[in-house]
Amino acid sequence: MRRLIAISNRVQVDHEGETANRGGLAVALAVALRESNGIWFGWSGELTEEFTGQITFRRAEGVATATIDLEAQDIDEYYNGFANRTLWPLFHYRLDLTEIARDYAGGYARVNSRFADTVGPLIETDDLIWVHDYHLMPLGRLLRERGFDNRIGFFLHTPWPPPSLLVSLPDHRQLVESLLSYDVIGFHSYEWRQAFMDYVAAHLDARLEGDRVIFGARTSLLLICPIGLDTAEFCAAEGTPAAVEAETRLIDSAVGKDIIVGVDRLDYSKGLQERFSAYELLLTSRPDLCEKVFLLQIAPPSRGDVPSYQQIRADLNSLSGSINGEFAGIDWVPVRYVNKGYSRDQLFGIYRAARVGLITPLRDGMNLVAKEYVAAQDPADPGVLVLSCFAGAAAQLDSAVIVNPHSTEDMADGIARALAMPLSERRARHKAMLESVETQDVRWWSQRFMAALIAPDDAPEPGRVPADAAQK
Ligand code: GDG
């Protein structure tokens, strides 16, 4: 089996007490690496006075990691700057929050070169290289410039924005052209891939042939490859003391009320303000539901150095406070808003206790929480997933109650419908979604991507991607 070198911005593996904030990528990559005996390369999350390129090798939970430390200026310009203030908002359709600065672009180029220079000596001729996410788009081109002829793939975990938004980025053409150094470019959904193709057709001197882009001497395969859960591992939480305790405590504290749950990094793309407003509208328009339900919103803080994230935190504090101030009684608090993380076992119990999973991002590449909610339900008496039509997950989980996260009325109706849904309908919807979560899991995802990377000519044509994965 050929060795995999996975490269992502951050390398995050489980160390006792550090798991609460692990992102979806960390969960997914660990599985792919363990199975291929690969190396995971990236930033340690640590700062160094002066960049040395020194690599720290470790092994945790069967995953070999190789990490480098970055300088404060790198973090400011590359991570907090170009990645989180420029690309993240732009790729989530938030031009209003997109900050353009030459320093950020310079830091992005510098750190990508530092990645290429330091990972280079680890790469052997036969290695497969898999680069992840928007932080590292130019890395493939930089490796090619350094003479690496390996098969190199790239996977985008976020949406790809429409061309009309992307052109707001200075040097957009150069950025997209650099992606065409990869042999395979993976997207979660048909929609994100189509937006990429639209850009190529409108702005590049490249040829589109089916699902390939031919640019100079290179051909890149554009692969739809929706990420899945490590479903078996996640479901192994069932019956564990932590899961049972979390479920029991939550149900006991609910004293017969229906629980609506949301779990999201504190991020404006997740539509939390809009969700709270929809819940407020539900309580206003359906007074009969007051004291019969509550919303548990778990939102561990993220990217706290970026002002727009400080703003959303302040907004949500005020919104949850005002809903509770308006509606709460001596023995009922309508919103339990929690800014901390829980272990994965506890999350399983929390999802399972909830009658409704409310996942309403404004834009989301995929959204693994939606899949986790489905996986954690009791098939005999499942809860109902209320899901944004703008999450990549909606293409696969189309038996959810699909709502428009920009319409508080639509979301409020969706929650009410979910709360009233009869058992037979809940079971039928859950069964269809569970099948997708179980069959298109993280192994399916990584095997599909790796197979395309090894032999792109055997990659399934779009029509042969399972219909639920390909169409939105
Ligand atoms: C990006 C894309 C795409 C959350 N709170 C806790 C906790 N989490 C875990 C969830 C889930 C993960 O974090 C979040 O994954 P998402 O997919 O929902 O979102 P992003 O972090 O934005 O991830 C996204 C993903 O990459 C993968 O491609 O789906 O669209 O934006 O697994 O459970 N985990 C623990 N405690 C928490 O309190 N342990």
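This short presentation describes two sheets, a pair of packed helices and one buried glutamate in a predicted model.

Good morning, colleagues. As the model is a predicted one, everything I report was computed from its atoms.

I begin with the sheet of 10 strands. This sheet is open, its pairing is mixed, and its strands follow the order 3-4-2-1-5-6-7-10-9-8. At its edges lie strand 3, residues 56-60, and strand 8, residues 207-209, each of which pairs on one side only. From one strand to the next, the twist averages 25 degrees.

Within this sheet I would like to consider strand 5, which spans residues 128-132. Which strands pair with strand 5 in the parallel sense? One is strand 6, residues 151-155, joined to strand 5 over 5 bridges. The other is strand 1, residues 4-10, where the parallel pairing extends over 4 bridges. Val 131 illustrates both pairings: Phe 154 in strand 6 stands opposite Val 131, and so does Ile 7 of strand 1. The connection from strand 5 to strand 6 runs through helix 4, residues 139-145, and this β-α-β crossover is right-handed.

Is strand 5 mostly covered or mostly uncovered? It is mostly covered, with 5 of its 5 residues buried. As a general point, side chains in a regular strand alternate between the two faces of the sheet. In strand 5, Leu 128, Trp 130 and His 132 point one way, while Ile 129 and Val 131 point the other way. The residues on both sides are buried.

Let me turn to the helices. Two packed helices are described by the angle between their axes and the distance between those axes. For helix 2, residues 72-91, and helix 3, residues 102-119, the packing angle is about 115 degrees and the axes are 8 Å apart. Helix 2 is therefore roughly perpendicular to helix 3. The crossing of helix 2 past helix 3 is left-handed. The contacts draw on both helices: the residues of helix 2 that meet helix 3 include Tyr 78, Gly 81, Phe 82 and Arg 85, and their counterparts in helix 3 include Tyr 104, Gly 107, Tyr 108 and Val 111.

The second sheet is also open. It has 6 strands in the order 13-12-11-14-15-16, with parallel pairing. Its edge strands are strand 13, residues 335-338, and strand 16, residues 401-403, and each pairs on one side only. Here the twist averages 20 degrees between one strand and the next. Strand 12, residues 293-298, pairs with strand 13 in the parallel sense over 4 bridges. In that region, Leu 296 has Arg 336 of strand 13 as its bridge partner.

Two helices lie across this sheet. Helix 10, residues 272-285, lies across strands 11, 12, 13 and 14, and runs at about 175 degrees to strand 12. Helix 13 lies across strands 11, 14 and 15, at about 170 degrees to strand 15.

I close with a residue in helix 13, whose range is 368-376: Glu 372. Why does Glu 372 count as buried? Its relative accessible area is 7%, and the cut-off for burial is under 20%. Setting aside residues up to four places away in sequence, Glu 372 touches Leu 229, Phe 234, Arg 344 and Tyr 351.

Thank you for your attention.

Notes
Residues numbered from 1 in each chain as written. Predicted model: local features only at pLDDT ≥ 70, side-chain atom pairs only at ≥ 80, totals over all residues. Heavy atoms only, no water. Pairing = 2+ DSSP bridges. Axes fitted to C-alpha atoms, helices over the stretch in contact; angles between N-to-C directions. Buried < 20%, exposed > 50% of the residue type's maximum accessible area, 1.4 Å probe, protein only. Right-handed = clockwise from strand over helix to strand, strands pointing away. Parallel < 35°, antiparallel > 145°, perpendicular 65-115°, else oblique. Left-handed = near helix turned anticlockwise from the far one by under 90°. Contact = heavy atoms within 4.5 Å.
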